[in-house]
Structures are given as structure tokens and as C-alpha cells.
Amino acid sequence: MTRVFVRLKLRLLRNSFRGAGWRKVLAVLGILGGLWFALFGGMLFSLSGVRGQGYSVAVLGGAGVALSWITLPVLAFGVDETLDPSRFALLPMRRSTLLKGLLVAALLGIPAVSTLVATQGLVLGAAIRGGAAAAAVAFLGTVLGLLLCVAASRATTSALATALRSRRSRDAAMLLLALLAAGLGPLQLAGISVVQALGADRLLAAARVVAWTPLGAPYAIGLDAAAGRWVQVALRVLLTAATIAVLLRWWGATLPAAMLGTASAGRARPASAAGGLVPPPLRGLPSGQFTGILARELKYWWRDPRRRSGLVSLLIVAIVLPLVYGFGVGGRMTGILLVSGAMVGTMLANLFGFDGSAYTANVLVGVPGRVEVSARVGAISVVVLPPVAATAVVTGSLNGDGRTLASLGVALCAYGVSAGLSVIISVVVPYALPDSSNPFAMNAGTGGLRGFASFGPLLAAAALAAPLVVLPLPSPVTLVVGLVVGGAIVTAGILIAGGRVDERAPELLQAVTARR
Amino acid sequence: MAYGSLVTPPDPALVLQGLVKRFDGVYAVAGLDLEVPTGSFYGLLGPNGAGKTTTLNMAVGLLRPDHGRAIVLGRDVWRDPIEVKRSLGTLPDGVRLFDRLTGAELLEYTGLLRGMDRATIADRSRDLLDVLDLTGATSTLVVDYSAGMKKKIGLACALLHAPRLLVLDEPFEAVDPVSAALIRDILQRYVGGGGTVIFSSHVMAVVERLCTHVAVLAQGQLKIVGTLDEVRGGRDLEDVFVELVGGRTATGSELAWL
């Protein structure tokens with residue numbers, strides 16, 4: 001039975017090369033990215049052959065990879081749901097069979113293969129230090145480590161998706177997601193800056209501790225074997241295996257719910273007054289297309305679980321990152337505000353993809369492109385700008401160098417540049433989100449697109465807003481310049497994207513409609 | 001069923017000329033010409049995959065044809081889209097609505113997109129929700145509606161701005177008999193008042209009851225076009241249809257193991 005899953009997955013991967021040209025380009029880019037990670041990571045991990053710090057490289061590097069497996073799907077890329085569990089709901093199949101099949105299918109993706117290749121650097125390192133036996137143990141470690149990564153990422157996203165799906169537990173799940181997003185990402189960075197401050201000896205001490213956690217254990221055993229610490233090898237293998245078993249059980253437990261899909265729709269929402277689309281603060285706006293789209297987008301950023309989870313996790317990172325990171329590093333504070341503003345701007349990189357085929361309604365009316373795009377940019381700005389501005393003001397004033405206004409200028413400039421570029425991307429390379437109820441689901445092939453699509457705006461924002469961080473302009477001048485530059489790029493983005501919508505709205509609709 | 005045929009209009013409501021659409025090299029619609037007279041109740045029949053949805057989508061400006069023209073009430077859909085879309089009401093099939101809105105919110109959204117003022121939207125929404133028996137679900141999210149209710153709210157969205165031509169893709173699919181009768185009444189009244197309807201279906205009974213004109217589509221080409229009586233030629237519509245489409249009939253010797 002597992003072979004059927006393998007064949008299905010391979011066929012789906014192969015099919016991602018069919019279809020439109022840019023789809024193929026993306027698939028190739030994904031493979032190249034995986035290859036780059038595999039080679040570069042492999043080189044880094046082979047440094048574990050070095051005496052002394054080799055141990056920290058292996059353990060902390062490995063733990064970093066494992067943490068990325070857990071956090072990245074939630075924060076950035078989404079899970080490759082080529083094999084969506086709900087598709088198998090009607091087949092007479094044991095849960096264990098399904099689990100095994102899905103696990104094997106997950107192992108057959110680009111991320112898993114490139115992780116495995118990258119960690120083979122550890123095998124090389126162990127071979128240098130302890131010969132063939134140590135190399136064999138290190139290899140076992142990399143395999144176990146990969147299993148742990150895959151199981152952990154599947155289990156967390158599946159559990160979160162299930163939780164987010166049922167409306168009743170929505171609030172609790174949101175909190176969990178928020179904690180996960182807020183905690184792990186920035187803490188990783190904070191951890192790195194702490195480690196840098198601590199120095200080499202403490203690093204080794206930290207590695208010894210991490211080696212006893214499931215995250216680091218599988219990557220430590222190669223060097224343990226090389227040093228002849230066989231008891232520790234055995235204990236760490238046990239620890240890893242037990243963790244994998246627990247994770248698989250957990251994943252298995254969430255599978256039935258994941259297979260049910262959104263069928264359990266729940267109770268009706270409390271009635272809002274007849275109509276009630278336009279919230280009271282917006283009633284002053286002239287009635288028309290702009291107001292309608294703005295109001296609908298505002299409702300959607302909250303009501304659509306996919307949008308909500310993306311928005312909330314990004315916002316939390318954008319707020320917590322400057323606060324956590326800024327305190328440790330001091331001088332780079334405004335730099336980190338740049339990153340946070342730019343990151344929030346990338347929410348706009350697939351404006352129409354969230355709508356999917358529902359965008360038909362707007363095409364049927366023929367909404368002018370500028371109205372369409374500016375209303376969407378307006379809605380997200382209403383949601384994200386207050387928290388981003390507040391974060392900039394708070395971190396700026398805590399900094400104590402009297403450059404609060406400059407901080408605000410940098411954050412807003414970065415947001416404007418990134419948003420302006422993102423809206424253009426959203427109409428030039430629109431892509432469909434899968435018709436899945438899993439808010440983390442991504443199509444194979446377009447899986448990395450969310451990453452790629454947000455990379456350009458981030459770079460552009462960094463390039464255009466960095467001078468504001470570096471140049472010693474008076475604080476209010478920085479604010480004004482930031483507002484002008486950011487505003488100009490957003491306006492340009494809206495005009496360009498709007499023109500494109502006018503020309504190619506039907507093609508845009510086709511691109512964001514999930515294929516059935 | 002003679003309404004509409006009493007009127008001899010100067011301009012057809014919808015003209016399709018030489019429409020062609022290919023997907024990945026396969027012809028979904030292969031050169032299609034059709035004229036829908038103003039005031040007619042036009043049924044577009046065809047088996048699954050015949051190209052009905054593709055044709056209607058090209059006619060209303062959702063899908064750009066590879067070749068050919070679509071002319072609504074004298075205007076080219078692809079040259080003058082905004083003007084054309086103003087006089088068109090469309091119920092697309094197989095697309096999602098903005099279903100995280102409640103029924104009332106969805107109607108208000110549609111009205112705002114159509115540039116209607118709030119008082120008119122409120123009045124007409126109330127009427128439509130009432131007539132379509134959706135009043136109880138006004139504050140339920142559309143995503144929680146049943147399939148039939150989704151069809152009805154989609155129809156309400158199509159009717160809200162009082163269009164002159166209605167293009168409905170599978171309006172009776174998944175609709176219960178009571179609602180179907182209701183929709184039939186509404187559409188008949190609309191045509192009686194001078195409107196034009198073209199809808200796709202593969203339910204012969206509905207087509208025979210409603211339509212003044214019928215076109216049968218198979219493999220992207222029209223097999224027969226004409227008034228209902230011309231197409232039937234005194235026979236049962238279903239027999240004519242199966243014969244035209246080239247369906248096979250089971251003899252009873254297959255599937256003996258079943």
C-alpha cells in the first residue's frame with residue numbers, strides 16, 4: 001500500500017512541471033533552492049569534523065534545522081499538502097496504513113531530501129573523527145533526525161489546522177499559534193545573539209544540554225560514537241525514537257479530524273443588522289465599489305482562517321521581533337524595524353489568491369483595477385499599520401536616543417516599499433491556494449512561491465529604507481522622507497497593478513482559481 | 001409557452017460568433033455561433049464536459065476566447081466590458097461566492113459593486129431574501145448554507161441590479177423541487193416582463209417546461225439550434241438529445257456481474 005502512496009506522490013511531483021511556464025520556473029527554482037541548501041548545509045555540517053567546536057556545530061546546527069522544520073511551515077511556507085488527508089476519507093483504509101503512506105510521501109519532498117543530504121556532512125565529520133563505525137552511527141542519526149523533523153512538522157501543523165478549523169476552539173488555537181509564532185522565531189534569533197555574546201566555551205556547554213533534547217540528540221550520536229561514549233549513543237537513540245513515536249501518535253490522533261474537513265460548520269454567527277457589511281466607522285465613506293471591497297476585505301482578514309492565521313503570525317513576529325531582538329542589540333533597533341515593516345508588507349503578495357474563484361464576483365461587475373487594488377491595500381493597511389506604528393514608536397522611544405520619529409519613518413517606509421512591490425507581484429504572478437480547509441496547505445510546486453514572492457519586496461525595502469537607518473538625518477526629516485518614499489512606491493504599485501488588472505482580470509481569475 | 005415569441009425584437013440579446021477556446025491544446029469550444037433573441041427563454045443543453053460553462057463564461061467576460069466575439073445587447077463583451085456587464089446578471093457554476101459573508105452582507109457587497117445606493121440595496125435585498133425563502137438564513141455565513149441555498153443566494157446576487165439579460169449556469173442543480181418551482185416562477189415572470197434568460201442544464205424536464213428556444217452542445221460544437229418545437233420535432237426531447245449526443249444505451253448484457 002505504501003508503494004501506491006510513493007507512486008502517487010512522485011506522479012504529483014512530476015506533474016508540477018506541467019502547465020504554465022512560470023510554474024515550471026518555480027518548480028526548478030524550488031529544486032535549485034533545495035540543492036543550494038543541501039550543498040551549503042552539507043559543507044557547514046562537515047565542519048563537525050573539527051575538534052573542539054565540531055560538537056556545537058553538529059548539535060546546535062541540527063537543532064536549528066529541526067526547529068526550522070517545526071516553525072517555518074507555520075510562519076512562512078505552509079505544508080506541502082499534495083496528499084491531503086481529507087482526500088482519503090472515503091477509502092477503506094486503516095489509520096496506520098494512511099499514516100505510513102503520508103509519512104513516506106512527506107519524506108519524498110524537496111525539503112526532506114535536501115535536509116537529508118545536508119546532514120550527511122555529519123557523517124563525513126564523524127568519519128574523520130572516528131572512522132567507519134562512527135560514520136554509520138552518524139548516518140543513523142541523520143535518518144532519525146529527518147524522521148523527527150517530518151513527524152514534528154506534520155503533527156504541529158495538523159494539530160493547529162484541526163484546532164483552527166472548529167470555530168469553537170478558535171480562540172484557544174489562536175493563542176497557541178500566537179505563542180508558537182511569537183515564541184519560537186524571535187527566540188531563535190535572540191538565542192543566536194545570546195550565544196554570540198557568551199563565547200565558545202559556553203557554546204559547547206549549551207550544545208551538551210541541547211544534545212539531551214530530542215532536537216539535538218540525533219545529531220550528537222555520530223561524534224559520541226567517535227569519542228567512544230556508547231552509553232550516551234544508546235540513550236540518545238532511545239530518546240529520539242521515543243519522541244518520534246509520540247509525535248506519530250499525536251499526528252495519527254489529529255488525522256481523523258483533518259480528514260473530516262470543514263464539514264462541521266458550527267453555529268450561525270450572531271446576527272448583525274440587515275446588510276451590515278460596512279462597519280459603522282466606514283459608513284461615512286461614499287457608497288460604492290471602493291467601500292464595498294474595503295469592508296469585505298476587512299471582514300475577510302478576520303473571518304477567513306487562512307488569512308487570519310497568516311496575518312496573526314506575521315503580525316506577532318513583526319511586533320515581538322523588534323522588542324526581543326532590539327533590547328539585546330541596541331544600535332540595530334531601527335534596522336530590525338525595517339525588517340518588521342517590510343515583512344508585514346509582504347502580506348499583499350498574493351492579494352487575489354486568497355479569494356480564489358470567489359473573485360469571479362468582481363470580474364462579473366468589471367471593477368476598475370485601481371479601485372480594486374487600492375481598496376485591498378487600504379484594508380490591510382487599516383489592520384496592520386496601527387500595530388506596526390505602535391511597535392516602532394515604543395521601541396524607538398525605549399531606545400532613548402530621541403529618534404522615535406525616525407524609527408516610525410523607517411518602519412513606514414519599509415512597509416510602503418514592500419507593499420507597493422508586493423501588490424505588483426500579486427497581479428503578475430498570482431497563484432491559487434489549494435481548496436483545502438487547512439490554513440497551512442500549499443500546492444506542490446507553488447509551495448516555495450510564498451517564500452520567493454516575499455523575498456523580492458523584502459530586499460527592495462531593505463535597499464530603499466536602509467539609507468534612512470544609516471544616514472544621520474534629523475529625526476523628523478527621516479520620518480518625512482520615509483513617508484514620501486513609502487507613499488510613492490505604494491501609489492506606483494497600485495497604479496501599475498491596477499492597470500494590469502484592467503487588462504487581464506479574466507486571466508488573473510483563471511490563475512487564482514484552484515484547479516479541480 | 002408562447003411568451004417572447006410574440007415580440008419580434010430588432011436586436012438579439014446575445015450573439016456569439018465563431019467562439020473558440022482551447023485548454024492545453026484540447027478544444028473546449030470549437031467554433032460556436034449562437035443568437036439569443038430578446039425576450040426568449042433559452043436553454044443550452046449538453047452532457048458533462050460539452051463546453052457549456054466555457055461558452056457561458058466567454059459570453060459574460062469571465063474567460064477570454066481564443067477567437068470569436070460575444071455581443072450582448074449590441075455591445076462587444078471584450079471591447080466594452082464595463083458597459084456590457086452593467087446590463088448582465090450572471091450566476092456562474094462551480095465557483096465560490098464570497099462565502100465568509102452572511103447572505104445579507106453578500107447582497108450588500110454585490111449591490112455596492114454594482115454602484116447602487118444603500119437604500120435601494122436594502123429594499124431589494126429584503127425582497128429577494130423574502131421571495132427566495134432565505135430570510136431565516138440572513139445572518140448565517142454563506143459557507144454554512146446548503147448547496148441549494150447557495151444557488152438561491154447566487155441567483156439573488158445576479159438579479160439584484162435588475163439586469164436585462166440573465167446568464168445562468170446550471171441554476172437548477174442541487175436545488176430541491178420546492179425551490180426549483182420558485183426559481184422557475186421568478187424566471188418566467190422576468191421573461192414575461194421583457195427580460196431574456198439563457199441557462200445551461202442537463203435536466204430535460206425543466207428545459208421542456210420553460211424554454212422557448214433550445215441549443216444542444218456536445219464536444220464544443222452545437223448539434224442543433226432552434227425553437228423548442230423545431231428541436232423536438234414531435235418527439236421526446238430526451239430521445240432527441242441522447243441521439244444527437246451519441247450516447248449509448250445499455251442493452252442489459254454488460255455488467256452481468258453486478
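The following paragraphs describe a predicted model with chains A and B, first by chain and then by selected residues.

Chain A comprises 516 residues, 51% of which count as buried. Its secondary structure amounts to 17 helices and two strands. Among the contacts of chain A with a separation of 6 or more, 80% are accounted for by residues 24 or more positions apart. The exposed area of chain A is about 21,900 Å², and carbon and sulfur atoms supply 71% of that area.

Chain B has a secondary structure of nine helices and ten strands. The globule rule gives 18 Å for 258 residues, and the radius of gyration of chain B, 19 Å, is close to that figure, so chain B is as compact as a globular protein of that length. Along the principal axes, the C-alpha atoms of chain B fill a box of roughly 60 × 50 × 45 Å. Of the 258 residues in chain B, 53% are buried. Where contacts in chain B join residues at least 6 apart in sequence, 66% of them link residues at least 24 apart. Chain B exposes an area of about 11,300 Å², of which 51% comes from carbon and sulfur atoms. Chain B also carries 26 positive and 31 negative charges, and the mean positions of these two sets lie 5 Å apart.

Two residues of chain A illustrate its local packing. Val210(A) belongs to helix H7, which covers residues 200–210 of chain A. Is Val210(A) buried or exposed? Its relative accessible area is 19%, and because the cut-off for a buried residue is under 20%, Val210(A) is buried. Leaving aside residues up to four places away in sequence, Val210(A) touches Val59(A), Leu60(A), Ala63(A), Gly216(A) and Ala217(A). Gly62(A) is 148 residues from Val210(A) along the chain, and the C-alpha atoms of the two are separated by 9.9 Å.

Gln289(A) is found in helix H10, residues 289–303 of chain A. With a relative accessibility of 18%, Gln289(A) also counts as buried. Which residues does Gln289(A) touch, not counting those up to four places away in sequence? Within chain A they are Val365(A), Val367(A), Pro368(A) and Val371(A), while chain B contributes Leu112(B) and Leu113(B). The contact with chain B includes a polar atom of the side chain of Gln289(A), which lies 2.8 Å from the backbone oxygen of Leu113(B).

The backbone of chain B offers two further points of interest. Most residues other than glycine have a negative phi. Asp133(B), although not a glycine, has a positive phi of about 60°. Asp133(B) is placed in the loop of chain B between helix H4 (118–131) and helix H5 (147–159). The relative accessible area of Asp133(B) is 62%, so this residue is exposed.

Gln219(B) is likewise a residue other than glycine with a positive phi, in this case near 50°. Where in chain B is Gln219(B) placed? The residue sits in the loop between strand E9 (213–218) and strand E10 (221–227). Gln219(B) is exposed, with a relative accessible area of 62%.

Note on methods
Residues are numbered from 1 along each chain as its sequence is written. Chains are lettered from A and ligands numbered from 1 in the order in which they are written. This is a predicted model: local features need pLDDT of at least 70, side-chain atom pairs count only at pLDDT 80 or more; totals for chains, interfaces and linings use all residues. Side-chain values use heavy atoms; hydrogens and water are left out. Helices (H or I, at least four residues) and strands (E, at least two) are DSSP runs, numbered from the N terminus. Buried means under 20% relative accessible area, exposed over 50%, partly exposed in between (1.4 Å probe, protein chains only). A polar contact is a pair of N or O atoms within 3.5 Å; within protein, one must be able to donate a hydrogen and the other to accept it, and residues adjacent in sequence count only if both atoms are side-chain atoms. Contact means heavy atoms within 4.5 Å. The radius of gyration is taken over C-alpha atoms; the globule rule is 2.2 Å times the number of residues to the power 0.38. Accessible areas come from the Shrake-Rupley method with a 1.4 Å probe; for residues, only the protein chains shown count as cover. Lys and Arg count as positive and Asp and Glu as negative; His and the chain ends are not counted. The place of a charge is taken as NZ of Lys, CZ of Arg, CG of Asp or CD of Glu.
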